[in-house]
Structures are given as C-alpha cells and as structure tokens.
Amino acid sequence: MQIITTPLAQLDVTIAYGVWKLRQDVFVVEQDCPYDDLDGRDLEPTTVQVVGLGEAAPDSVSDGGTRVLGTARVLDDGGVWRIGRVALVKGARGKGHSDEIMRAALKYIDDAGDDRDVVLDAQSPLTRWYGKHGFEPDGDEFLEDGIPHTPMRLVRG
C-alpha cells in the first residue's frame, strides 16, 4: 500500500472523493451512525489527510488507477495533536494496513518537530489496537452516536 500524507488542498479530487466515500461507507452506512462527517475540520490549513492507496478492493473507489483503501485525519488542536477518522474499506481489513496508516500519521506528527501529546477518541473495542501504537486510556468511556468510545492519549513530552 502506498501512503500519502498531505493537506486536503493538495489531494487529487478523485482521491479526496475516495476518502469522503470511505468515511461515509464506514461511519455512516456500516456503523449506522448518521453524523456530520464534513465538519469543516478537513479545510483547516493545519489538517493533514493520511491516505492509503493500493490494489482495488471490491468496495474501494477507483478511477482505474487510484484506489483509496484507508484513511486517517491529523488535526492540530493547539495544545495536542488529534488523530481521527481512521478507516479502511472492508476488503483491505485484516492485512495490517490500518497499522501502516497509524504509523504514517504518527510519523507526520513526529516530523512536525514538537513534543505535544497525541489524543484520539477510540471506539472502545479498538482500545487494545490503539494501545499497540502507544496510546493509553485517558478518561471515562462515553457514547458518541450510540457507540462506546474511550478517550486515549499518547504521551510524547
């Protein structure tokens, strides 16, 4: 899988469409949670999209050459970095691609050259997986769109 890490304004339109389609398919359709995915944060100049491209999966968006298999979003939240919108198409799951996406997001943060912590709100069944990347629970479980989430933090400084 090839990974690109870039602001939204520098994404090819087909890739940007693939990212939004993937997020809609996973979070809105598959998880049956209508929510405001297009929340304006993608347009912030400090927001970075991490996009995994590769061989077509049955449910990936493709223009014949570009196939979006996975994504994550890195936000600069001032005092901390925030990772969110981590998703893979069904056909790409179970192959380690989500680890590649997370490593790329964390590399981007490392390359930024500061030591701010990284936070995220993990769907609670995934806390163990995020723990493999150094995240630890950082608060009480809460419901978001009917799904249990756990705030997590990667201490860096």
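# Helix α1 and its surroundings in a predicted model

I15 lies in helix α1, which covers residues 13-30, and the model discussed here is a predicted one.

Student: Is I15 buried or exposed?
Tutor: I15 is part of helix α1, and its relative accessible area comes to 8%. Since buried means under 20% relative accessible area, I15 counts as buried.

Student: Which residues of α1 are buried?
Tutor: The helix runs over residues 13-30, and I15 belongs to its buried set. The full set of buried residues in α1 is I15, A16, G18, V19, L22, R23, V26 and F27.

Student: What distance does α1 reach from its first C-alpha to its last?
Tutor: With 18 residues in α1, the span expected at 1.5 Å a residue is 26 Å. The modelled helix comes close to that expectation, although α1 also bends by about 25° at Q24. From first C-alpha to last, α1 reaches 24 Å.

Student: Which residue caps the N-terminal end of α1?
Tutor: At this end of the helix, a side-chain oxygen lies 2.8 Å from the backbone nitrogen of T14. The residue that supplies this oxygen, and so caps α1 under the 3.5 Å limit for a polar contact, is D12.

Student: Which residue takes a positive phi just after α1?
Tutor: The residue in question is found in the loop between α1 and β2, a strand that covers 48-53. Its phi is near 50°, a positive value in a residue other than glycine, and at 63% relative accessibility this residue counts as exposed. The residue is D32.

Student: Where is D145 found, given that its phi is near 55°?
Tutor: D145 has a positive phi although it is a residue other than glycine. At 41% relative accessibility D145 counts as partly exposed, because that class lies between the 20% and 50% cut-offs. D145 is found in the loop between β8 (142-144) and β9 (147-154).

Student: Which side chain does a polar contact of 2.8 Å join to that of Q49?
Tutor: Q49 has its place in strand β2 and is buried, with a relative accessible area of 1%. Among the residues that Q49 touches are V19 and R23, as well as D42 and T71. The side chain joined to Q49 by the 2.8 Å polar contact is that of D42.

Student: How many Å apart in space are I15 and M152, C-alpha to C-alpha?
Tutor: I15, in helix α1, is 137 residues apart from M152 in sequence. Taken C-alpha to C-alpha, their separation in space is 29 Å.

Definitions and conventions: Residues numbered from 1 in each chain as written. Predicted model: local features only at pLDDT ≥ 70, side-chain atom pairs only at ≥ 80, totals over all residues. Heavy atoms only, no water. Helix = DSSP H or I, 4+ residues; strand = E, 2+ residues; numbered from the N terminus. Buried < 20%, exposed > 50% of the residue type's maximum accessible area, 1.4 Å probe, protein only. Expected span 1.5 Å × (residues − 1). Bend = angle between axes of the 7 residues up to and from the residue. Polar contact = N/O pair within 3.5 Å; in protein donor to acceptor, adjacent residues only side chain to side chain. Contact = heavy atoms within 4.5 Å. Lists of a residue's contacts leave out its neighbours within four places in sequence.
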